[in-house]
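The following exercises concern one predicted model. Attempt each task before reading its solution.

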Amino acid sequence: MRSETEIADWRHAHNVIIPGDPLSLDEVRERLGRNQLEVAYQGEVLVGCTTVRPPADAGAAAVVIVRVFPEHRGQGIGRQLYTRALEQAGALGGDGIETIVWAANTGGLRFAQAAGFVEVSRYLPPDEDVPYVTLRLT
């Protein structure tokens, strides 16, 4: 991701799909310095975004997060994005691959479980009502 338009589109997709954790453009730029961030389009239409986080340290897992707008789900876009993100994560090494899904996104949880991920933990951020679920690829 290089252009300001892509950075703004990634931010928009993230903030719409994860409304409880909105990011500023500066925060996205900071994440871009340590993670692989990509936007997904169908033609000219923004349909989602991905994040691939390298392992934090020796023995840690790489993290793959795929976000697809609800109106574009069920069309194979998530599967394509997961396939690409899993390849990127695999190239980073680490002790496995994990994903994080906002618990309110029940479709995302079902998708991750169908892709072979199993729940390993939940995290409830301060002042939030809905946890984030960490799942590990088996």
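**Exercise 1.** How many bridges join strand β3 to β4, and do the two strands run parallel or antiparallel?

*Solution.* Step 1: locate strand β3 at residues 62-68 and strand β4 at residues 97-102. Step 2: count the bridges; 2 of them join the strands, which run parallel. Step 3: find a facing pair; Ala62 stands opposite Ile97 in β4.

**Exercise 2.** State which helix forms a β-α-β unit with β3 and β4, and give the handedness of the unit.

*Solution.* Step 1: the helix is α3, covering residues 77-91. Step 2: β3, α3 and β4 together make a unit that is right-handed.

**Exercise 3.** Describe the pairing of β4 with strand β6, and determine how many residues of β4 are buried.

*Solution.* Step 1: β6 spans residues 132-137, and its pairing with β4 is antiparallel, with 5 bridges. Step 2: within this pairing, Ile100 has Thr134 of β6 opposite. Step 3: residues count as buried under 20% relative accessible area; 5 of the 6 residues of β4 are buried, so the strand is mostly covered.

**Exercise 4.** Characterise the largest pocket by its volume and its lining.

*Solution.* Step 1: the largest pocket holds about 540 Å³ of space. Step 2: its lining comprises 29 residues, and Ile65, Val66, Arg67, Ile100 and Asn105 are the closest to the centre. Step 3: α1, β3, α3, β4, α4 and β6 each contribute at least two lining residues. Step 4: sorted by class, the lining has 13 nonpolar, 10 polar and 6 charged residues.

Key. Residues are numbered from 1 along each chain as its sequence is written. This is a predicted model: local features need pLDDT of at least 70, side-chain atom pairs count only at pLDDT 80 or more; totals for chains, interfaces and linings use all residues. Side-chain values use heavy atoms; hydrogens and water are left out. Buried means under 20% relative accessible area, exposed over 50%, partly exposed in between (1.4 Å probe, protein chains only). Helices (H or I, at least four residues) and strands (E, at least two) are DSSP runs, numbered from the N terminus. Two strands pair if DSSP finds at least two bridges between them. A crossover is right-handed if, with the strands pointing away from the viewer, the path from the first strand over the helix to the second runs clockwise. On a 1 Å grid over the protein atoms alone, a cavity is a set of points where a 1.4 Å probe fits but cannot get out, and a pocket is an open set with protein on both sides within 12 Å along at least five of seven lines; lining residues have an atom within 4 Å of a point. Grid points are joined across faces, edges and corners, and a volume is the space filled by probe spheres set on the points. Ala, Val, Leu, Ile, Met, Phe, Trp, Tyr, Cys and Pro count as nonpolar, Asp, Glu, Lys and Arg as charged, and the others, Gly among them, as polar.
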